[in-house]
Amino acid sequence: MEALRDLIVLHYVRSHRYRDVYTNAFEIVRAKVPGELVERFPEVLRREALRQTGLHLAGADALNAFAERLVEHSEVTQDFGSGALFRTSIESMFHKVRSESANWHLEILRPESGQFLIGDNPALTVRTDTTPWLCNMAIGDAHSIVLPISPRHLLALGRQNIEGIIPRASVNQLNIVQVLAADRYVYMHPRSTKLEAFAKETAKRRRPDPVSPYRASTAATGSKRS
């Protein structure tokens, strides 16, 4: 049970969505730092520029260019470029989410009928008090973290340890949030023609962008995942 709980948490933090949030946050901070260095430590920058280059930097533009150079060559930026910083961030986030969800229990669920979609952001926080269900909220605001692992099995962190069957209406809601949260693709069994139509229609009606997350050709069944 602990391994399955960790599997849910790991897929939650190791996702396209978390990668994008992390990357955007880093780029925003990196863009702000040079200006803050110039504003708060102009004399320190001038001395460092003289030490490194032998040049006296007087104007704000020259100081800002030097500050940008310092940031670009910093250990943090280099670790960001190599992926080392992202790995550290994922490990830290894994332990944080694991701790925050420690009081939740493991649910192993099967569909009464139909099958589960699996998106490329498969582990999602969800709330079930609206229609359609909401997804991708903070853990403290969520009712569950869900992770489909096959067309007929889904793991979730919820209120009690159970192994059970869920109705078709709940399966549809889970499939809808997989489509809404997908980065580019959702996956299904190659013979799931009805599920493919469901995914395309859901994307067309509900996703804010005009491009369906399911971009595989209907003729290229090899691009689907069983």
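This is a chat between a student and a tutor about the helices, strands and loops of a predicted model.

Student: Okay, let's start with the sheet. What's the order of its strands?

Tutor: Keep in mind that we're looking at a predicted model. It has an open sheet of six strands, and the order is S4-S3-S5-S6-S1-S7. The pairing is mixed.

Student: Which strands stand at the edges?

Tutor: Those are S4 (134-135) and S7 (162-166). Each has a single partner strand, so one side of each is left without a neighbour in the sheet.

Student: And what holds strands together in general?

Tutor: Strands of a sheet pair through backbone hydrogen bonds, and the pairing can be parallel or antiparallel.

Student: Let's go to S5 then. Is it mostly covered or mostly open?

Tutor: Mostly covered. S5 spans residues 144-150, and six of its seven residues are buried.

Student: How many bridges does S5 make with S3?

Tutor: Three, and the two strands pair in the antiparallel sense. S3 covers residues 124-127. If you want a spot to click on, look at Thr125, whose bridge partner in S5 is Ile145.

Student: What about S5 and S6, how do they run?

Tutor: They run antiparallel too, with five bridges joining S5 to S6 (residues 153-158). The two strands form a hairpin, with two residues between them. You can find Ser150 standing opposite His153 in S6.

Student: Which way does S1 run against S6?

Tutor: Antiparallel. S1 is residues 105-111, and five bridges join it to S6. Leu106 has Leu157 as its bridge partner in S6, while Glu107 has Ala156.

Student: Leu106 and Glu107 come one after the other. Where do side chains point along a strand, generally?

Tutor: In a regular strand they alternate between the two faces of the sheet.

Student: Cool. And S1 with S7, parallel or antiparallel?

Tutor: That pair is parallel, over five bridges. One place to see S1 and S7 side by side is Leu109, which stands opposite Gly164 in S7.

Student: Switching to helices. Which strands does H1 lie across?

Tutor: H1 lies across S1, S3, S5 and S6, and it runs at about 90° to S6.

Student: Does H1 touch a helix as well? Which residues of H1 and H6 meet?

Tutor: From H1 you have Asp6, Val9, Leu10, Tyr12 and Val13, and they meet Ile90, Met93, Phe94, Val97 and Arg98 in H6. By class, that contact has eight nonpolar residues, no polar ones and two charged ones.

Student: At what angle do H1 and H6 cross?

Tutor: At roughly 135°, and their axes come within 9 Å. H1 is residues 2-13 and H6 is residues 84-100. That angle makes H1 oblique to H6.

Student: Why isn't 135° called antiparallel?

Tutor: Because the angle has to be over 145 degrees to count as roughly antiparallel. As for handedness, H1 passes H6 in a right-handed crossing.

Student: Leu10 was on your list. Is it buried, partly exposed or exposed?

Tutor: Leu10, which sits in H1, counts as partly exposed because its relative accessibility is 35%. Compare its place in the sequence with its place in space: Leu10 and Met93 are 83 residues apart in sequence, but 9.2 Å apart in space, C-alpha to C-alpha.

Student: Now H2 and H4. What's their packing angle?

Tutor: About 130°, with the axes 9 Å apart. H2 is residues 16-40 and H4 is residues 60-72. These two are therefore oblique to each other, and their crossing is right-handed.

Student: Which residues make that contact?

Tutor: On the H2 side, Arg30, Val33, Pro34, Gly35, Leu37 and Val38; on the H4 side, Leu63, Asn64, Ala67, Glu68, Val71 and Glu72. They divide into seven nonpolar, two polar and three charged.

Student: Last topic, loops. Where's the cis peptide bond?

Tutor: It joins Thr131 and Pro132, with omega at about 0°. Pro132 is in the loop between S3 and S4.

Student: And what is phi for Asn136?

Tutor: Near 70°, which is a positive value in a residue other than glycine. You'll find Asn136 in the loop between S4 and S5. At 22% relative accessibility, Asn136 counts as partly exposed.

Methods: Residues numbered from 1 in each chain as written. Predicted model: local features only at pLDDT ≥ 70, side-chain atom pairs only at ≥ 80, totals over all residues. Heavy atoms only, no water. Axes fitted to C-alpha atoms, helices over the stretch in contact; angles between N-to-C directions. Helix = DSSP H or I, 4+ residues; strand = E, 2+ residues; numbered from the N terminus. Parallel < 35°, antiparallel > 145°, perpendicular 65-115°, else oblique. Left-handed = near helix turned anticlockwise from the far one by under 90°. Contact = heavy atoms within 4.5 Å. Nonpolar A, V, L, I, M, F, W, Y, C, P; charged D, E, K, R; others polar. Buried < 20%, exposed > 50% of the residue type's maximum accessible area, 1.4 Å probe, protein only. Pairing = 2+ DSSP bridges.
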